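The following report introduces a structure to a reader who has not met it before. It begins with a question about chain contacts and then takes up the chains and their elements in turn.

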Amino acid sequence: MRPSLSPGFAVLATGAAMAAGIYATAVLDEIVGGIVSGRGARAAGAMLAPVRRAAQLVLQRRAATERPDAEAWALAPALLAGLAAVGMAVVPFGPGLAVAGIDAGIVLFGAAMALVMVAVFLQGWSANSVFPVVGGYRFVAQALSYEMLHMLVLIAAALPARSLAVGDIVESQAHLWNVLRQPLGLPLYLVAAAGLAFWGPLRLPDAEDLAGGTSAELSGVALLLWRVAQRAMLVAVAAMGAAAFLGGWQGPLLPGAAWLALKTLALVALLVAARHLLARVPVERFMWACWVVLIPLALLDVFLGGAQALWAAP
Amino acid sequence: MAALGAALTVFLAGVAAFLVLRWAGDALSPPRPTDPHRVPFQGGRPPEVHAWSRFHVRYYAMTLIFLAFDMEMVFMYPWAVVFLEEGLVAGVEMLMFIAILVLGILYGWREKAFRWA
Amino acid sequence: MGLRPLARLAAGPVPTFVVPGRGGRRAADDLRLDGRLRLVDSPRAAAVLLVAGTLTDRLLPAAMLAHDQIPGPRATVQWVPEGRRDRLAGTFSAPVLLRGDVDVGAAVAATYRELLAGDRPSDPPVYPDVPPAPWRGAGPYGQGGKGMSGGVPYGRPLAGRAPDRDGLELDRLPLEIGPLFPPFPPGLILRIDLQGDVVQQVAGWENALAFGRPPRDIFRRALREPVALAELEVARARHHLRWLSGTLRLHGLPALGLRVLVLARRVGPGDVDAVASLKRKLERSRSLAWATRGIATLQPEDVRDGPGGPVARSAGIRDDLRTEDPAYRGLGFEPLTRGEGDARARWRHRLAEAVQALELAGRAGDRLVEAAGGVESPRGALRIGGSPSADLLSRLPALLPGREWGEAVALVHDLDLDMEEAVRAAREEAA
């Protein structure tokens, strides 16, 4: 029996972890962007830049369009944020310690991530404007392509643990992290993670060729919330990646939560670097690569991971 | 059950927080759209028709392959838990199942289901 | 009041939507390097509308609509080249007017600060608050009582169905994209029928910058008088690098694009190594290669008998006016070509031409180019009475149909049209 947390603490802990992660993502993004563009990056400026942008958006009015689906439009960022929070909640930050340490953690995580498609599509659809609508449909193609990839590599990580609980998966990596045990796992997972957060090279629904796509009609608080929810999703998938492939909270000296935070940040930094160094992939090409190359590789990852687990099992 | 309740609480709290923030943002700087403001952005010209339409989803063939794989995922969750107890037999059984599905991918590839333009 | 501290915090890079008018495109592009501004792709994200250059009659309504689409608080800054007319005076209520050689970034930032501090009222809308199309139909949304498909809410009908190549009859959206759609050349209005995300046909195009004389850059000057070959080739290299900066931005690498833009502004005959090293680095990028290979491919027949230029040369057509010029032949000039004709070939080819141009400039000495009827501009053969942009523009209806939206946008960008240069063609078509 796992200790259960009070609802208030659960919400506070998840919220604080997400907020810290989102801010760290924004600062990292500013620094890496400054370096790549050759403008240079000053720490103080990078720390302040996200706050400035948020303040600008808070002071801006919200845009409206002709006959939008107002309820869905308000719901889309909220849904994305709620799903990111669920993703974050199943990740343990200490032995037996998770906001929602359920036995089928991977299944719940997968279910939440599958609904991301709904949130992004709603955002695209509800403005009743052509660029967001095309962006929304683009994301459906993208989501249906990375979805299998995402779940297959997580299932491979569950094989040695004999359990779908994220806590057990972390503990199964006490001697050897999954990133070494299943070398295909983490790279494939990161592709799916970028896809889930429509981030960097997989920023297809928000692409430049759609003048911003699903966010083309957003302004003010609505835009701020959409960006925050997107980065929340990025943090949540990075945290899950840290738990499933980098040994989660395990590590010497520091407390478990600190190790999880460090590993999550490392993955976020990788994804931020990818955003500034990798070109955006055309959607058709991504779909093709997922089905013809990456999903077969993920299946290979499952069977190689299974073989390794059988061989190593006592 | 408590854990599932916590997950649900966190989800609802996230959704509610964002809805409240949106409402608060509207209260702080109320939207004042005029009719021309509402015209969707297409680069400076108003649209002729509404964007909502029966959209030609050209990747429909891929969605069918996805369905097949999504069903397989349902079997794979419990399989992952018992895989080590059942050993090689479970591995080979799943391999056969997956092999049939991969034939679907190969067929889809040949039929250009993963391209649309 | 309570918002003061927030307003002070918000005084960062100003989200600005730029309306590039005549003579304003390059200056507007350079504003990306100004840390006080952040150029945005949609007016919804902007606080300041910056009109750069001279507005034309056809651009003015688009600028007015973009202005009203900015959610506010908003301000308008108009930056007019010396000696040109200020066109907003009668229509916009209180635009900040800048003339000639001024620090635009500082002016925009100051305007935004005043706006945030409440010292400057938010611009009132330009258009009257009436529906752009008359409201028709019954029911709470004007839906005619039969759901969205029954009437014409907001005076706009719903899209109708049309046949398609896979036999499915689904809705076709007739769209007018531009003249301020950021990935397109400023001033281009394309009438496109979109089915799903595939361009079904190009119903026509308009040039919102069709007014007055074409711009007088060095290539056009070379049509009339001898110019230094070195100067011409440096201008070519700069042009190609500037184009590359936009290409990187379009393919999702805005930070790298800024780096290239800095290079494009200062490059000279001594920078062959810098550009060659950029070329090597970009060609090593697998992701950029993968994202552009086989995208928006042009067949040789698509660009045959045209103005030549890098678009044609990267599709295997060896047309280059420089081969006929004795000054270039004296330098041992050989045009570069490649066969693929896709987006990757185009950026690689333009980079190679930039390196070649700088090498030529370095060896040119004081050679002069004396045009015999035409000059090889960075877009292709420029002649009196004909421009490469006009020719490529007229080919769009044949080139775009059947392409996915992202591919179509990449192709329009790659053709590197200049709508000011295409003025003459628009006139001829009208006549």
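How many residues of chain C are in contact with chain A, and how many of chain A with chain C? In this predicted model, 45 residues of chain C are in contact with 44 residues of chain A, where contact means that the C-beta atoms of two residues, placed from the backbone, lie within 7 Å.

Because the model is predicted, local features need pLDDT of at least 70 and side-chain atom pairs count only at pLDDT 80 or more, while totals for chains, interfaces and linings use all residues. Residues are numbered from 1 along each chain as its sequence is written, and chains are lettered from A and ligands numbered from 1 in the order in which they are written.

## Contacts with chain A

Helix H1 (4–9), strand E7 (170–177), H6, H7, H9 and helix H15 (405–415) of chain C each give at least two residues to the side of chain C that touches chain A. Helices (H or I, at least four residues) and strands (E, at least two) are DSSP runs, numbered from the N terminus. Chain B also touches chain A, and that contact takes 59 residues from chain B and 68 residues from chain A. On the side of chain B that touches chain A, helix H1 (2–28), helix H2 (35–38), helix H3 (60–86) and helix H4 (88–110) of chain B each supply at least two residues, and the largest share, 18 residues, comes from H1(B).

The table sorts both sides by class; Ala, Val, Leu, Ile, Met, Phe, Trp, Tyr, Cys and Pro count as nonpolar, Asp, Glu, Lys and Arg as charged, and the others, Gly among them, as polar.

| Side touching chain A | Nonpolar | Polar | Charged |
|---|---|---|---|
| Chain B | 43 residues | eleven residues | five residues |
| Chain C | 30 residues | eight residues | seven residues |

## Chain A

The secondary structure of chain A consists of twelve helices and zero strands. The radius of gyration of chain A, taken over C-alpha atoms, is 19 Å, close to the 20 Å that the globule rule (2.2 Å times the number of residues to the power 0.38) gives for 314 residues, so chain A is as compact as a globular protein of that length. Along the principal axes, its C-alpha atoms fill a box of roughly 65 × 40 × 40 Å. Of the 314 residues in chain A, 69% are buried, a residue being buried if 20 or more other C-beta atoms lie within 10 Å of its own, exposed if 12 or fewer, and partly exposed in between. Among the contacts in chain A with a separation of 6 or more, 79% are between residues 24 or more positions apart.

## The sheets of chain C

In chain C, an open sheet of five strands has the order E2-E1-E3-E4-E5, with parallel pairing; two strands pair if DSSP finds at least two bridges between them. Strand E2 (37–39) and strand E5 (96–99) of chain C are its edge strands, each pairing on one side only, and the twist averages 30° from one strand to the next. Four bridges join strand E4 (residues 75–80) of chain C to E5(C), and Val77(C) stands opposite Val96(C) in E5(C).

Another open sheet of chain C has four strands in the order E6-E7-E8-E9, and its pairing is antiparallel. Here the edge strands are strand E6 (160–162) and strand E9 (198–207) of chain C. Strand E8 (residues 188–195) of chain C pairs with E9(C) over eight bridges, and the bridge partner of Asp193(C) in E9(C) is Gln201(C).

Strand E12 (residues 374–377) and strand E13 (residues 380–383) of chain C pair in the antiparallel sense over four bridges, forming a hairpin with two residues between them.

## Helices H7 and H9 of chain C

Helix H7 (residues 254–266) of chain C has 13 residues and reaches 19 Å from its first C-alpha to its last, close to the 18 Å expected at 1.5 Å times one less than its number of residues. Its buried residues include Leu256(C), Val260(C) and Leu263(C). Among the elements that cover the buried residues of H7(C) are helix H1 (7–37) and helix H11 (256–277) of chain A, together with helix H6 (229–250) and helix H8 (272–284) of chain C.

Leu288(C) lies in helix H9 (residues 286–292) of chain C, and this residue counts as buried because it has 26 C-beta neighbours inside 10 Å. Leaving aside neighbours within four places in sequence, Leu288(C) is in contact with Ala279(A), His251(C) and Leu282(C).

Key
Axes are lines fitted to C-alpha atoms, for helices over the stretch in contact, and angles run from 0 to 180 degrees between N-to-C directions.
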